[in-house]
Amino acid sequence: VIESIVEPIGGVLDAFKGLGEAAIAALAVDRVVEFSEKYAELGESIQRTSEILGISTDQVQQLGFAIRMGGGDAETAKLTIGILEKNIAEASSGAGTAATAFENMGIAVKDADGNTRSAIDILKDMADVLSKVSDANIRAEYGRALMGRGYQNLLPILLEGREGFDKLNAMLDQTNSKMENDQVKALDQSAKKTKEASAAWDGLL
């Protein structure tokens, strides 16, 4: 009796086996395409942020990774980097509240040649200073003034001093997830072509 029930079921399963494999293959292709598009969008975002803020794609990824490790997302990272760069630019002119904040912390925003220092180097100096401040309210006051709300996501790393950033950057390198500048540019171009093709297709509909 059992055999008479099982045999027809087995036949049905055999009939659907080929269809199942084809569906799995199609699903795999869809996932690969989706992943490629997301990866290209990431490269485009890194390139745009780099161009807008005038910092290297390396620095964008380092700062973004630090903020994400602290619980932030890509948008928080972009906003935080933007606020910090804006305050560094303001402080480099020698005026404004940002200049006063950096001065009070004993942090130079320009190097010996008068060039504005990188956000990463300045952030490491900030970490050294803030990690030695015992009053959490004072830390928060300076952190939020110079980095906005994203300061909260960077706080765990800031409290470890510059060593915290060095460890984090080493971790980023070990994951092999940091893209070289050429990779970022290639992905940026790929994202542009995808958008152009999509716009052209929409125009035909």
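This section describes the fold, the confidence and the interior packing of a predicted model.

The secondary structure of the 205-residue chain comprises nine helices and zero strands, and its order along the sequence is accordingly written α-α-α-α-α-α-α-α-α. Of the residues in the chain, 34% count as buried. Among contacts with a separation of 6 or more, 62% link residues 24 or more positions apart. The exposed surface of the chain amounts to about 12,400 Å², of which carbon and sulfur atoms supply 57%.

Confidence was examined along the chain. The mean pLDDT is 78, and 77% of residues reach 70 or more. Helix 4 (residues 97-105) has the highest confidence, with a mean of 93, whereas helix 1 (residues 2-53) has the lowest, with a mean of 59. Over residues 1-13 the pLDDT stays under 50, and the model has one contact beyond four places in sequence for this segment. Where pLDDT is low, the predicted coordinates should not be read in detail.

The interior was considered next. In soluble globular proteins, nonpolar side chains tend to be buried together. In the present model, the largest nonpolar core contains 41 residues, and the members that touch the most others are Phe-102, Leu-123, Met-126, Met-147, Leu-154, Leu-158 and Phe-165. Helix 5 (residues 119-130) provides the largest share of this core, with seven residues. One of the core members, Met-126, is in contact with Leu-84, Phe-102, Met-105, Ile-107, Leu-146 and Met-147 when neighbours within four places in sequence are left aside.

Helix 5 consists of 12 residues and spans 16 Å between its first and last C-alpha atoms, close to the 16 Å expected at 1.5 Å a residue. Because nine of its 12 residues are buried, helix 5 is largely enclosed by the rest of the structure. The buried positions are Ala-119, Ile-120, Ile-122, Leu-123, Lys-124, Asp-125, Met-126, Ala-127 and Leu-130; Lys-124 and Asp-125 thus appear in this list alongside residues such as Leu-123 and Met-126. The cover over the buried residues of helix 5 includes helix 2 (57-69), helix 3, helix 4, helix 6, helix 7 (151-158) and helix 8 (162-174).

Contacts of helix 2 with the start of helix 5 are illustrated by Gln-59, which is located in helix 2. Beyond four places in sequence, Gln-59 touches Ser-118, Ala-119 and Ile-120. With a relative accessibility of 15%, Gln-59 counts as buried, because the cut-off for burial is under 20%.

A further pairing joins helix 3 (residues 74-92), which holds Asn-87, and helix 6 (residues 136-147), which holds Ala-145. These two residues are 58 positions apart in sequence, yet their C-alpha atoms are 8.8 Å apart in space. Asn-87 is buried, with a relative accessible area of 8%, whereas Ala-145 is partly exposed, at 49%. Apart from residues up to four places away in sequence, Asn-87 touches Ala-98, Phe-102, Ala-145 and Leu-146. The Asn-87 side chain also reaches the backbone oxygen of Leu-146 at a distance of 3.1 Å. Two of the residues touched by Asn-87, Phe-102 and Leu-146, are likewise in contact with Met-126.

Note on methods
Residues numbered from 1 in each chain as written. Predicted model: local features only at pLDDT ≥ 70, side-chain atom pairs only at ≥ 80, totals over all residues. Heavy atoms only, no water. Core = buried A, V, L, I, M, F, W, Y, C linked by side-chain atoms within 4.5 Å. Buried < 20%, exposed > 50% of the residue type's maximum accessible area, 1.4 Å probe, protein only. Helix = DSSP H or I, 4+ residues; strand = E, 2+ residues; numbered from the N terminus. Contact = heavy atoms within 4.5 Å. Polar contact = N/O pair within 3.5 Å; in protein donor to acceptor, adjacent residues only side chain to side chain. pLDDT = per-residue confidence, 0-100. Expected span 1.5 Å × (residues − 1). Areas by Shrake-Rupley, 256 points an atom, 1.4 Å probe, with all protein chains shown as cover.
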